[in-house]
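Biologist: Hi! Could you pull up the model so we can chat through how it packs together?
Modeller: Sure, here it comes.
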Amino acid sequence: MSEKPVVTIDMCGMPCPAPLLGAKKIMDDLQPDQTMVLLSDCPGTSDDLFAWCKFTGNQFVESTKQADGKTAYALRKAGGAQTTPIAHVTLDMRSVSCPGPILEAKKLLDGMKSGEVLQLVSDCPGAVADIQSWATHAAVELLATLPMARGAHEFYLRKK
C-alpha cells in the first residue's frame, strides 16, 4: 500500500461480524481520503468488507495475505477525491475469459458519447494488466480499477 494508514486495528480471533463492526467504528472517525488497515483471520471478513464498502461508498483499496495467516485489509474513507466514478453503462463480464471483456467493452464504448463512463466488471485473472495496457493505447481513459470479492475487479473507463 502506497500511503500510510491513519489507524491499524487487529480483529484477529474475532468472528464475523466483529471485524466489520470494528472497521465501521474506526471509519466513522476518519476524514475523507484517510485510510485504515484492518487485520483479520475470519474467512467472512473479505465479503463483509466488500459489501459494506459498496453500500457506504468507502473504498476497499486492497487485501494482503500475511505470512501468519492473517489478512490485512486497506480501506479508504469516502468523500474525497478518490470517490468511485458514476457509470453511464455497466458491462458485467464475470466468467468470460480474456480478451472477451475488452472486446465487448470496445463495442459498447464505440456507441457511447465522448465523456461517458463504462463500468466493466471482470474476474479474468489477466484483466487488470490487459485493461491497463489497452487503455493506454485506445481512445479511453481508465479512471479507476477497484477490487471486488472473489478476484473480480471493476474498471471505470471514460470515452475520450
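Biologist: Leaving aside its neighbours within four places in sequence, which residues is Leu118 in contact with?
Modeller: In this predicted model, Leu118 touches Val89, Thr90, Leu91, Ala105, Leu108, Leu109, Met112, Phe155, Tyr156 and Leu157, not counting neighbours within four places in sequence.
Biologist: Okay, and the largest nonpolar core, how many residues has it?
Modeller: That core has 16 residues, and Leu118 is among those with the most contacts inside it, along with Leu109, Leu120, Ile131, Trp134 and Leu157.
Biologist: Which elements give two or more residues to this core?
Modeller: Helix H3 (100–110), strand E6 (117–122), helix H4 (127–137) and strand E8 (153–159) do. H4 gives the most, with four residues.
Biologist: Nice. What about a second core, which residues does that include?
Modeller: Ile9, Ala23, Leu30 and Trp52 are among its 15 residues, and this core is separate from the other one. As background, nonpolar side chains tend to be buried together in soluble globular proteins.
Biologist: Switching to helices: at what angle do H1 and H2 cross?
Modeller: H1 (residues 18–28) and H2 (residues 45–56) cross at roughly 40 degrees, and their axes come within 9 Å. The two helices are therefore oblique to each other.
Biologist: Is that crossing left-handed or right-handed?
Modeller: Right-handed, for H1 and H2.
Biologist: And which residues make the contact?
Modeller: From H1, they are Pro19, Leu20, Ala23, Lys24 and Met27, while H2 brings Thr45, Asp48, Leu49 and Trp52. By class, the contact of H1 with H2 has six nonpolar, one polar and two charged residues.

How values were computed: Residues numbered from 1 in each chain as written. Predicted model: local features only at pLDDT ≥ 70, side-chain atom pairs only at ≥ 80, totals over all residues. Heavy atoms only, no water. Core = buried A, V, L, I, M, F, W, Y, C linked by side-chain atoms within 4.5 Å. Buried < 20%, exposed > 50% of the residue type's maximum accessible area, 1.4 Å probe, protein only. Contact = heavy atoms within 4.5 Å. Axes fitted to C-alpha atoms, helices over the stretch in contact; angles between N-to-C directions. Parallel < 35°, antiparallel > 145°, perpendicular 65-115°, else oblique. Left-handed = near helix turned anticlockwise from the far one by under 90°. Nonpolar A, V, L, I, M, F, W, Y, C, P; charged D, E, K, R; others polar.
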